[in-house]
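Grab a coffee and have a go at these exercises on a ligand site and its surroundings. Try each task with the structure open before you read the solution.

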Amino acid sequence: MRRFAAEREEMVQVIRERGVADERVLTALRKVERHLFLPEHFAGRAYDDTSLPIGEGQTISQPYTVAFMTEALRVKSGDKVLEIGTGSGYQAAVLAAMGVWVFTIERNLELLAGARRILERLRYRVASHGGDGTVGWTAHAPYQGIIVTAAAPDVPQPLMDQLADGGRLVIPVGGRDVQSIVVVERRGEEYIRTEAPGFKFVPLIGKMGWSGN
Ligand code: SAM
């Protein structure tokens with residue numbers, strides 16, 4: 001019996017009640033053991049619908065936000081997705097559990113090492129790379145989906161360029177304190193943008209993001 005199965009189910013119900021309806025996303029959230037992506041002393045809070053510290057001044061996103069962004073990507077099994085901001089590795093695991101080919105970039109090498117360890121241990125097939133994700137990862141482009149899990153001042157152009165035709169980019173954009181989740185859909189050379197307000201992320205730091213260290 002896997003630990004916290006009942007808590008995971010309750011978390012999924014809360015997310016469903018908040019409006020996430022894509023069963024493939026909900027099934028992945030039911031499968032992935034979020035407590036294994038957190039420091040041991042937070043395991044008991046892993047299925048609360050809240051963000052939590054993962055060290056290095058960073059956080060694992062709130063489960064609802066992970067579900068909302070994953071649903072907004074509208075990806076299917078076999079698609080290629082680029083994630084910027086690996087953090088704990090949880091979002092990457094959720095995508096991998098949906099059968100997606102995940103490519104993920106993290107600028108903090110300590111966090112990246114921890115994420116790689118747990119993803120390998122749980123046998124999620126995820127390709128990862130340490131560095132500034134604001135310039136994307138051209139070697140594997142184009143992507144059917146790009147998800148950015150830290151907040152940018154604007155949508156980085158290199159990420160738009162690396163989107164496949166029909167693909168979707170999901171990224172929090174706004175000021176340092178509050179952001180909207182922006183969805184950009186590519187249709188040929190046209191980019192259609194929609195947004196949902198009221199989210200809060202750590203900053204995206206890099207060439208096409210905020211300055212910082
Ligand atoms: N997706 C993560 C998870 O499931 O745990 C949550 C990530 S946390 C909210 C955001 C992460 O983005 C941090 O780990 C931070 O170091 C990383 N980050 C910030 N700017 C970055 C950049 N330019 N390139 C890659 N990673 C970046």
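**Exercise 1. Sort the residues that line the largest pocket by class, then say where the lining comes from.**

*Solution.*
Step 1: Sort the lining of the largest pocket by class, and you get 15 nonpolar, 19 polar and 7 charged residues. Keep in mind that you're working with a predicted model.

Step 2: Look at the total and the middle. The lining is made of 41 residues, and Q58, T59, T149, A150 and V202 are the ones nearest the pocket's centre.

Step 3: Now go through the secondary structure. At least two lining residues come from each of strand 2, helix 3 (63-73), strand 3, helix 4, strand 4 and strand 9 (190-199). Helix 3 is the top contributor, with 4 residues.

Step 4: Finish with the space itself: the volume of this pocket is about 710 Å³.

**Exercise 2. Find the pocket that holds the ligand and describe the shell around the ligand.**

*Solution.*
Step 1: Place the ligand, and you'll find it in the largest pocket.

Step 2: Pick out the shell. There are 27 residues around the ligand, with S88, E106, D132, G133 and I205 coming nearest.

Step 3: Ask which elements supply the shell. Strand 2 (58-60), strand 3 (80-84), helix 4 (90-97) and strand 4 (101-106) each chip in at least two residues. Strand 2 has the largest share, at 3 residues.

Step 4: Split the shell by class, which gives 10 nonpolar, 13 polar and 4 charged residues.

**Exercise 3. Work out which protein atoms make polar contacts with the ligand, and how much of the ligand the protein buries.**

*Solution.*
Step 1: Set your cut-off, counting pairs of N or O atoms within 3.5 Å.

Step 2: Start with the ligand's oxygen. One oxygen atom lies 2.6 Å from an N or O atom in the S88 side chain, and S88 is also among the residues that come nearest to the ligand.

Step 3: Move on to nitrogen. A ligand nitrogen atom is 2.9 Å from a backbone N or O atom of G85. The backbone of R107 also has an N or O atom 3.3 Å from a ligand nitrogen.

Step 4: Check the burial. On its own the ligand would expose 600 Å², and the protein buries 99% of that.

**Exercise 4. Describe the second largest pocket.**

*Solution.*
Step 1: Start with its space, which comes to about 320 Å³.

Step 2: Find its walls. This pocket is lined by 19 residues, and F37, L38, P39, G114 and A115 sit closest to its centre.

Step 3: Trace the main supplier: helix 5 (residues 109-121) gives the largest share of the lining, 7 residues.

Step 4: Sort by class, and the lining has 9 nonpolar, 4 polar and 6 charged residues.

**Exercise 5. Track down two backbone features in loops.**

*Solution.*
Step 1: Look for a cis peptide bond. You'll find one joining A141 and P142, with omega at about 5°. P142 belongs to the loop between strand 5 (126-130) and strand 6 (143-148).

Step 2: Look for a positive phi in a residue other than glycine. E56 fits, with phi near 60°. E56 is in the loop between strand 1 (52-55) and strand 2.

Methods:
Residues numbered from 1 in each chain as written. Predicted model: local features only at pLDDT ≥ 70, side-chain atom pairs only at ≥ 80, totals over all residues. Heavy atoms only, no water. Near = heavy atom within 4 Å. Polar contact = N/O pair within 3.5 Å; in protein donor to acceptor, adjacent residues only side chain to side chain. Areas by Shrake-Rupley, 256 points an atom, 1.4 Å probe, with all protein chains shown as cover. 1 Å grid on protein atoms, 1.4 Å probe; cavity = no way out; pocket = protein on both sides within 12 Å on 5 of 7 lines; lining within 4 Å. Sits in = over half its atoms within 2 Å of the grid points. Nonpolar A, V, L, I, M, F, W, Y, C, P; charged D, E, K, R; others polar. Points joined across faces, edges and corners; volume = space filled by probe spheres on them.
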